[in-house]
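Let's take a walk through this structure, one residue and one region at a time. Keep the 3D view open and follow along.

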Amino acid sequence: MSRNLFWLTDEQWAKIAPLLPTDVRGKARVDDRRVISGILHILKSGCRWCDCPAEYGASTTIYNRFVRWAKRVVWERMFQELSRRGRSTETQMIDSTHIKAHRSAAGGKGGSKIRRSDARVAGAIRKYMLSLMPKDVFFPSN
């Protein structure tokens with residue numbers, strides 16, 4: 001069975017490696033590149049930490065590294081430094097939006113019914129004329 005694992009490329013690693021903490025306390029850290037690839041795989045795929053593929057190492061190591069570096073603000077500093085260097089041509093947006101809807105939000109009994117508002121049925125003038133205004137009113141061309 002083939003897995004879609006995420007591995008940092010040599011170019012990506014060259015940009016990240018100088019930003020990693022160098023103060024190793026106690027026992028030497030395991031391979032940073034493998035662990036960071038595992039962290040990024042978890043964040044990218046959305047799976048649980050305990051379901052991290054064994055190719056990245058022990059899931060506790062990956063989780064502990066993520067949490068400890070988050071407390072030490074390593075991830076934020078790394079992100080700020082990398083974003084300061086310019087926009088990536090490959091990555092356009094980072095979005096971690098998660099929306100939950102109640103089970104009745106889908107319409108409930110009888111399904112959703114599309115109804116025209118009373119004002120539209122009667123032929124009334126729209127309240128919001130924004131969609132009818134010329135674009136150069138809001139976005140002047142210089």
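Our starting point is Ser37, which sits in helix α2, the stretch covering residues 32–45. One thing to keep in mind is that this is a predicted model. Is Ser37 buried or exposed? Its relative accessibility is 0%, so Ser37 counts as buried, the cut-off for that word being under 20%. Who keeps it company? Setting aside neighbours within four places in sequence, Ser37 is in contact with Phe6, Trp7, Leu8 and Tyr56. With Leu8 there's also a polar link: the Ser37 side chain reaches that residue's backbone nitrogen at 3.2 Å.

Helix α2 also holds a share of the largest nonpolar core, a group of 16 residues. Inside this core, Ile16, Leu20 and Ile36 have the most contacts. Helices α1, α2, α3 (59–71) and α4 (74–84) each give two or more residues to it, and α2 gives the most, with four. Take Ile36 as an example: leaving out residues up to four places away in sequence, Ile36 touches Leu8, Trp13, Ile16, Leu20, Trp69 and Trp75. As background, nonpolar side chains in soluble globular proteins tend to be buried together.

Now for some empty space. The second largest pocket holds about 440 Å³. It is lined by 13 residues, and the closest to its centre are Arg25, Lys27, Arg29, Arg65 and Arg68. What classes of residue make up the lining of this pocket? Seven are charged, four are nonpolar and two are polar.

Arg29 deserves a closer look. You'll find Arg29 in the loop between α1 (10–16) and α2. Because its relative accessibility is 27%, Arg29 counts as partly exposed. Apart from residues up to four places away in sequence, Arg29 touches Leu20, Pro21, Val24, Arg65 and Trp69. Arg65 is 36 residues away along the chain, yet the C-alpha atoms of Arg29 and Arg65 are separated by 9.5 Å. The Arg29 side chain makes polar contacts too, one with the backbone oxygen of Pro21 and one with the side chain of Asp32.

Here are the polar contacts from this tour side by side:

| Side chain | Partner | Distance |
|---|---|---|
| Ser37 | Leu8, backbone nitrogen | 3.2 Å |
| Arg29 | Pro21, backbone oxygen | 3.0 Å |
| Arg29 | Asp32, side chain | 2.8 Å |

To recap, Ser37 is a buried residue of helix α2, while Arg29 is partly exposed and sits in a loop.

Technical notes. Residues are numbered from 1 along each chain as its sequence is written. This is a predicted model: local features need pLDDT of at least 70, side-chain atom pairs count only at pLDDT 80 or more; totals for chains, interfaces and linings use all residues. Side-chain values use heavy atoms; hydrogens and water are left out. Buried means under 20% relative accessible area, exposed over 50%, partly exposed in between (1.4 Å probe, protein chains only). A polar contact is a pair of N or O atoms within 3.5 Å; within protein, one must be able to donate a hydrogen and the other to accept it, and residues adjacent in sequence count only if both atoms are side-chain atoms. Contact means heavy atoms within 4.5 Å. On a 1 Å grid over the protein atoms alone, a cavity is a set of points where a 1.4 Å probe fits but cannot get out, and a pocket is an open set with protein on both sides within 12 Å along at least five of seven lines; lining residues have an atom within 4 Å of a point. Grid points are joined across faces, edges and corners, and a volume is the space filled by probe spheres set on the points. Ala, Val, Leu, Ile, Met, Phe, Trp, Tyr, Cys and Pro count as nonpolar, Asp, Glu, Lys and Arg as charged, and the others, Gly among them, as polar. A nonpolar core is a set of buried Ala, Val, Leu, Ile, Met, Phe, Trp, Tyr and Cys residues joined through side-chain atoms within 4.5 Å.
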